[in-house]
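Subject: Structure handover, salt bridges

Hello,

Here is the structure we discussed. Please have a look at it before reading the notes below.

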Amino acid sequence: MNTAQVQDSVQASLRELPDAVILAFDHDLRFIVAAGTAIERRGNPAAYREGQSVEDAFPAELWKAIRPLFCSALEGETRSREIWTADESHCLMVDAGPLPLNGSGTVQGGASIEGGLAVLRDTTVRRMARRCTDAERRLRGDLRPRPGGHRLLDRDGRWMLVNRALCEITGYTSDELIGKRFDGIIHPDDAFSDREERQRLLTGEIPAFQVEKRYFDASGEVASVILSMSLVRDQEGAPLHYIAQLQDISERKLFEEQLRKLADHDP
């Protein structure tokens, strides 16, 4: 796929996503094409020119979070992540995937990948609005659970992709989690408490399950979550990976313990 073809593809995408920034980059993480009105608003369009280093176009802290997604794209993977700036003043949704040679829709190993393609969208307004809504609910006494931590696990139980909420719940960064086993942070007594449910999930007897587990957060403290687990399969029905959600119930467990103590000791 030559530069003109990439430009045509990018412009077509911008017609569907007019507020996005779309970047095509090569294996050296240098721009092939960059387009989007937000580039002009940032005031440094020269940083996005063909041949320029992608790293130079982003603040260092933001690039540290974005770079793993771009590198994964060059390996043939498609990943998405919502990223906040260090001061939490801006939030970006980043989708990155491979740019195949000759415009083919399939990727068969790094040799057939020309580079990567990324779509960046500013989701600050939407996320801030959601935060305000959550704050209003808390002021009204609405104590429904907050959104939980989502993640993807491979068939061996290793973290493939985690979201911001999961990092907040556990205290770990995404870099500390991805590639490591989920069971590694689970309390030993609960590590295999869902073995039967996972087996039934694999055989197709059940579509999903929920189980309560204790885990060690980044500070070493024991906390409790509700783990919801389902399974993604390919077109032939073979298992691909797990989708899991963790809902923090530590405060609820503490409240229940306080009630039990009152029931046992209150005269």
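Arg200 and Glu205 form a salt bridge through their side chains, with an N to O distance of 3.6 Å. Arg200 is partly exposed at 33% relative accessible area, whereas Glu205 is exposed at 55%. Please keep in mind that this is a predicted model.

Another group of residues is linked by shared partners: Asp194, Arg198 and Lys213 belong to one network of salt bridges. Within it, Asp194 pairs with Lys213, and their closest N and O atoms are 3.3 Å apart. Asp194 sits in the loop between α6 and α7 and Lys213 in strand β8, so this salt bridge ties together parts that are 19 residues apart in sequence. Both ends are under the 20% cut-off for buried residues: Asp194 has a relative accessible area of 2%, and Lys213 has 1%.

The loop between α6 (174-177) and α7 (195-203) also holds Asp190, while Arg214 is in strand β8 (residues 208-216). Asp190 and Arg214 form a salt bridge, with 2.9 Å between the closest N and O atoms. Because of where the two residues lie, the pair connects parts that are 24 residues apart in sequence. Asp190 is buried at 11% relative accessibility, but Arg214 is partly exposed at 31%.

The total count is seven salt bridges; the pairs described above are among them.

Regards

Notes
Residues are numbered from 1 along each chain as its sequence is written. This is a predicted model: local features need pLDDT of at least 70, side-chain atom pairs count only at pLDDT 80 or more; totals for chains, interfaces and linings use all residues. Side-chain values use heavy atoms; hydrogens and water are left out. A salt bridge is a side-chain nitrogen of Lys or Arg within 4 Å of a carboxyl oxygen of Asp or Glu. Helices (H or I, at least four residues) and strands (E, at least two) are DSSP runs, numbered from the N terminus. Buried means under 20% relative accessible area, exposed over 50%, partly exposed in between (1.4 Å probe, protein chains only).
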